[in-house]
Structure formats: C-alpha cells, structure tokens
Amino acid sequence: MVNRQRQIPKPVLIGAIIFILALAALAIVPVIYALLFGDHGVKTEGINAEGARPAATEVDGVWDVTDTLGPNQTSAGFTFFEILPAERKVTSGSTREVEGEVQIESGAVTAGQITVDMASVATDNDRRDVNVRRSILSTDDYPTATFSLTEPADVSQLPADGSVGTVTLTGDLTIRGETNRVTHEFEALRTGDNIVVAGDIPISREDYGVETPELVAAKIADEGEVNVRLNLTKVR
C-alpha cells in the first residue's frame, strides 16, 4: 500500500511564508531601531539656577558665547519624536561646539548671531549619530545652523539678584540651508559676570527640508525642537 503525503496547496504555502516573514520583520524592527536610534539621547537642558549669584556687571555691552564647563555650560541641539508601530519615542542630540556674539545697548539686545556646528551633534549612540548626520541633518552639505536676531529685545527687566527671568527673541533660524523667522520666549539668568539664556524652540521639520530616513517601519514626527542653552560672558 502506497503512503502518499498530502501536499500543501501552493497558495497556502506562499501565504504561510509571507506570514512568517512578516513576523520576522516585526521582531527585527525594534533591534534595528535600537541600533540606529538607541534610547533618549543627550538633550540640552534648561537653566540650572542652583548656586546662581547676583549680577556683578551691567547688562549693556558685548557678550560672547563661552565654552566654560559647568551646570549651565553652552550647548545646543535637537529633539525629534520617532514613531514606531504602537510606540512613540523621544530622542535628543547636542553639541558644545557653539559660537556667537550678542550686543546689548541701553537695556536692549540690538544684535546677535549664533552658529552651531551640526556635524558635531551627538546622541548616546554612534550608529544613530551617523544616520542622523547623513540622512536627517545632511551635515556634509549643511555643516552649521545659525540664529540671527532681527528685532531688538528688551532685557532691562531681567532680575539682577540671581533669579531667572524671561526674554522674547525674534530672529532667522537657518537649518539645512532653509531659513524661517521664529519668535520664542527664553529663560534668562544674570549670574555673576555671565548671562545664561535657554529655551526649546518648536519647529516643523518640513520647514527645514528634514525628511524621514528610509528606515523599516520608523519615521520622524513633523514636530520637533531646537534646544539651546547659551552661557555668555562680557568681553567689552
């Protein structure tokens, strides 16, 4: 008696293979995502007022961005919101490679130019950093981002007692060669011989030509932030 094995119909077999491949893809997506995007990255935080001192110099003058280390050290970067199926994660990157100068006359900021080295922006994952620089920020073509003040801003009301105040700044923000006018209220602290300014500027990535990289099942939300903390010292 011949024992004939029942053959699986070809459409069923093909469907089973597709199903198995889909399950494998879903299993490997978190691994790929972890390698490229890691956890939360390194965010430029706001002002730390602990240990702040009363102002030791007049607010008028020319102020340069300083690279002095400390809790309020100069830093700038981004925060993106990455989206996976059924999950939304926040990832930030930052750099201390920031230069700039601010001029204050008669209690008002009259000029200001800040430049950030985007090629040095780093998170906490080397593979993610490479991907962000190449696929998102395109730092080979656009190595820097800039902010240029376009309207005077009153800082005469900033507290001189070492407490945190606010200042609204308007200027042109340029990222990836795209320039948009932004207005944002920043925290500001006069402490000793320094002024610290910090804020998280909301942006739309599409306004700056930032596209979602070609990653499996992962994309970047349209909204994001530019995170800034500047430690300024008077030079004249």
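This is a guided tour of one protein model, stop by stop, with what to select and what to look for.

**Whole chain**

Start with everything shown as a cartoon. The model is predicted. Its 236 residues are 42% buried. Colour by secondary structure and you should find two helices and eleven strands. Trace the chain from the N terminus, and the elements come in the order α-β-β-β-β-β-α-β-β-β-β-β-β. Now think about contacts. Among those with a separation of 6 or more, 68% join residues 24 or more positions apart.

**Stop 1: the K43 network**

Select K43, D200 and E225. Side chains of opposite charge can pair when their charged atoms come close. How many salt bridges does a search of the whole structure find? The search finds three. K43 takes part in one with D200, where the closest N and O atoms are 3.8 Å apart. K43 sits in the loop between α1 (10-37) and β1 (61-65), while D200 belongs to strand β10, so this pair ties together parts 157 residues apart in sequence. Switch on a surface to see how open the site is. K43 is partly exposed, at a relative accessible area of 31%. D200 is partly exposed as well, at 30%.

Keep K43 selected and turn to E225. The side chains of K43 and E225 also meet in a salt bridge, at 3.9 Å from N to O. E225 lies in strand β11 (residues 219-234) and K43 in the loop between α1 and β1, so this link ties together parts 182 residues apart in sequence.

**Stop 2: D172 and R181**

Select D172 and R181. Their side chains form a salt bridge, 2.5 Å from N to O. D172 is partly exposed, with 22% relative accessibility. R181 is exposed, with a relative accessible area of 52%. Compare this with the previous stop: there, salt bridges with shared partners join K43, D200 and E225 into one network.

**Stop 3: R190**

Select R190, in strand β9 (residues 178-191). Which side chain of opposite charge is nearest to R190? That is E58, 5.2 Å away. A salt bridge needs a side-chain nitrogen within 4 Å of a carboxyl oxygen, so a pair 5.2 Å apart does not qualify. R190 is buried and has no salt bridge. Look next at T57. The R190 side chain reaches the backbone oxygen of T57 at 2.8 Å.

Now show the surroundings of R190. Leaving out residues up to four places away in sequence, R190 touches R53, A55, T57, E58 and V59. Beyond those, its contacts are L158, P159, A160, G162 and I195.

**Stop 4: the largest pocket**

Stay with R53, one of the residues that R190 touches. R53 is also among the residues nearest the centre of the largest pocket. Add P71, N72, T191 and N231 to the selection, and you have the five that lie nearest that centre. The lining as a whole counts 16 residues. About 260 Å³ of space lies inside. Strands β9 and β10 (194-204) each supply at least two of the lining residues.

**Stop 5: Y208**

Select Y208, in the loop between β10 and β11. Is Y208 buried or exposed? Y208 is buried, with a relative accessible area of 2%. Add T179 to the view. The two residues are 29 apart along the chain, yet their C-alpha atoms are separated by 7.3 Å. Then show the contacts of Y208. Not counting residues up to four places away in sequence, they are L173, I175, R176, E178, N180, V182 and I203.

**Stop 6: the largest cavity**

Finish inside the protein. Searching the whole structure gives two cavities of 30 Å³ or more. The largest holds about 560 Å³ of space. Select I114, F147, F186, V228 and L230, which are the closest to its centre among 38 lining residues. Eight strands give two or more residues each to this lining: β2 (75-84), β4 (98-105), β5 (108-117), β6 (144-149), β8 (164-175), β9, β10 and β11. Which strand gives the most? That is β11, with six residues.

Definitions and conventions. Residues are numbered from 1 along each chain as its sequence is written. This is a predicted model: local features need pLDDT of at least 70, side-chain atom pairs count only at pLDDT 80 or more; totals for chains, interfaces and linings use all residues. Side-chain values use heavy atoms; hydrogens and water are left out. Helices (H or I, at least four residues) and strands (E, at least two) are DSSP runs, numbered from the N terminus. Buried means under 20% relative accessible area, exposed over 50%, partly exposed in between (1.4 Å probe, protein chains only). Lys and Arg count as positive and Asp and Glu as negative; His and the chain ends are not counted. A polar contact is a pair of N or O atoms within 3.5 Å; within protein, one must be able to donate a hydrogen and the other to accept it, and residues adjacent in sequence count only if both atoms are side-chain atoms. Contact means heavy atoms within 4.5 Å. On a 1 Å grid over the protein atoms alone, a cavity is a set of points where a 1.4 Å probe fits but cannot get out, and a pocket is an open set with protein on both sides within 12 Å along at least five of seven lines; lining residues have an atom within 4 Å of a point. Grid points are joined across faces, edges and corners, and a volume is the space filled by probe spheres set on the points.
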